[in-house]
Amino acid sequence: MPLGWRRRRKASHDGKKHPGNSDMELVIPNHFQCPISLDLMKDPVTLSSGITYDRESIETWLEAGNFTCPVTKQMLKNFDRIPNHALTKMIQDWCVEKEKYGVQRIPTPRIPVAPVEVSEILFGVTESARRLDQYRCLELVQKIQKWGAESERNRRCIVANGAAAVLAAAFDTFANESIERNATVLEDILSALNWMFPVDTEAQKSLGSRASLGCLVWFLSCRDLSPKENSLSVLKELLACDQQLVEKVSSIEGVNEILIELVRKQICPTVTKASIMILVDSEKSIGERALGVFDGICCCKEGREEAQSNALTIPVLVKKILRLSDLATKYSISAILKLCKYGSRHEAERVLLVEALQVGAFQKLLLVIQVGCGDETKEKATELMKLLNPYRVAGFECIETTDFKNLKRSF
């Protein structure tokens, strides 16, 4: 709405003069202005002090922890905000009268939702989910969505009263019963949850269940774009809150193929970006587990001998340092140390150490210590650098860590 303290109507550019109107100012009446924002009030409400403010401005004031009236400085007897219908009607009439100056009529304010109303609806959602009554639950969820669409204030009230945990529990219940049969209500719950993140631990637990994750992946295969976007958004937020869920998502059959297909098709930028982020998190988890297993294999003599015989072992391990995650770096350094320190023959140890130097292991280990790491990783990195240092002094050159072409090996 193009309103402010004043509006100036300039003369038209058609060359004609309009006596009396060429330099006319539009002044908003003082009693129409909010004492806090000094803008035209859209939803005037009166406090117990008798002063009227715009609802959004005074609620921001009260939510900041203030207990006094901004104008009178008096302590408020209560925090009730009583709609001033008479003033609202006067402002609307004034807007209509000044329409020729570009003033738009303010819409009739909607009464904001109260916490008790939200609690009643959420109780109904819980009960309908318990009875597996998808139609009643759908009706209540749609009411929540309608309230949320009306104002940001309503959204804050809905979230503050624990809506995310209740809706997540209902989502898990209906997904457990049957995804196909309850697809409509599940889709609406998913849509409502999208603007409630970040969610609490209870909601994360419900959405992180096997049934809920399976339902989210199922929606990725839908033809409609909206369920895809909502599902990807929820998955992305969940994985950001709890990295342990990455393994659960990765274990769902066909999920990586679905995500890769979404990236390939490039349905829309939002879907493509979210799919890539989930794939990256999934690959990261797989890489960490693989390196952990490899580090365990290097604990035994037979495992070390098999690893030492493979020309890719050292280059790949060095490449994973500082590339995947702190945990991957820890496993990579531990495995390299075991291979170099406990080699079956002295000549084999020498070859591995020289090879590690050639792919930039010393530089990476130094960087690991400089940027910070765990005590165990730091101790192993230091020990490995001591093993590498004599060969470094001997004149073996280091190359860039990502430059494997000079090794003359097939990767």
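## A tour of the model, starting at R131

Start by selecting R131: at 47% relative accessibility it counts as partly exposed. Now add D133, its salt-bridge partner, with the closest N and O atoms 3.9 Å apart. D133 is partly exposed too, at 26% relative accessibility. Bear in mind as you click around that this is a predicted model.

**Colour by confidence**

Before going further, switch the colouring to pLDDT. The average for the protein is 81, and 82% of the residues score at least 70. Next, select residues 1-23, where the pLDDT is below 50; in the model this stretch has 34 contacts beyond near neighbours in sequence. Then jump to residues 401-411, where pLDDT also stays under 50. Here the model has 17 contacts beyond four places in sequence. Where pLDDT is low, don't read the predicted coordinates in detail.

**More salt bridges**

Back to the charged side chains: the structure holds 16 salt bridges. For one of them, pick E63 and R156, whose closest N and O atoms are 3.3 Å apart. E63 sits in helix α1 and R156 in helix α5 (residues 152-160), so this pair ties together parts that are 93 residues apart in sequence. Show the surface around the two: E63 is exposed, with a relative accessible area of 52%, while R156 at 36% counts as partly exposed.

Now for a bridge inside a single helix. Select α19 (residues 375-393) and find K380 and E376; they are four residues apart in this helix, so about one helical turn separates them. The closest N and O atoms of this salt bridge are 3.3 Å apart. K380 counts as partly exposed at 22% relative accessibility, and E376 gets the same label at 43%.

One more selection of charges: take D43, R55, E59, R81 and R153 together. Salt bridges with shared partners join these residues into one network.

**Aromatic pairs**

Time to look at rings. How many aromatic pairs are there? The count comes to three. Zoom in on F32 and W94, an edge-to-face pair with 6.0 Å from centre to centre and 70 degrees between the planes. Trace the chain from each ring: F32 is in the loop between β2 (23-27) and β3 (44-46), and W94 is in helix α2 (residues 85-97). The pair links distant parts of the chain, 62 residues apart. Are these rings buried or exposed? F32 is buried, with a relative accessible area of 4%, and W94 is buried as well, at 9%.

Another pair to select is W218 with F219. Their ring centres are 5.3 Å apart and the planes sit at 70 degrees, so this pair is edge-to-face. Flip on the surface and look at each ring's residue: W218 is partly exposed, with a relative accessible area of 30%, whereas F219 is buried at 1%.

**Last stop: a nonpolar patch**

Finish with the surface showing, and select F67, M75 and F79. These three form a nonpolar patch on the surface, with about 340 Å² of accessible area together. Click on M75 to place it along the chain: it lies in the loop between α1 (55-63) and β5 (82-83). M75 has 60% relative accessibility, so it counts as exposed.

Methods. Residues are numbered from 1 along each chain as its sequence is written. This is a predicted model: local features need pLDDT of at least 70, side-chain atom pairs count only at pLDDT 80 or more; totals for chains, interfaces and linings use all residues. Side-chain values use heavy atoms; hydrogens and water are left out. Patches are made of residues with over 30% relative accessible area and no salt bridge: like charges are joined within 9 Å, nonpolar side chains (Val, Leu, Ile, Met, Phe, Trp, Tyr) within 5 Å. Accessible areas come from the Shrake-Rupley method with a 1.4 Å probe; for residues, only the protein chains shown count as cover. A salt bridge is a side-chain nitrogen of Lys or Arg within 4 Å of a carboxyl oxygen of Asp or Glu. Helices (H or I, at least four residues) and strands (E, at least two) are DSSP runs, numbered from the N terminus. Buried means under 20% relative accessible area, exposed over 50%, partly exposed in between (1.4 Å probe, protein chains only). Rings of Phe, Tyr and Trp (its six-membered ring) pair if their centres lie within 6.5 Å; planes under 30 degrees apart count as stacked, over 60 as edge-to-face and the rest as tilted. pLDDT is the predictor's confidence in each residue, from 0 to 100. Contact means heavy atoms within 4.5 Å.
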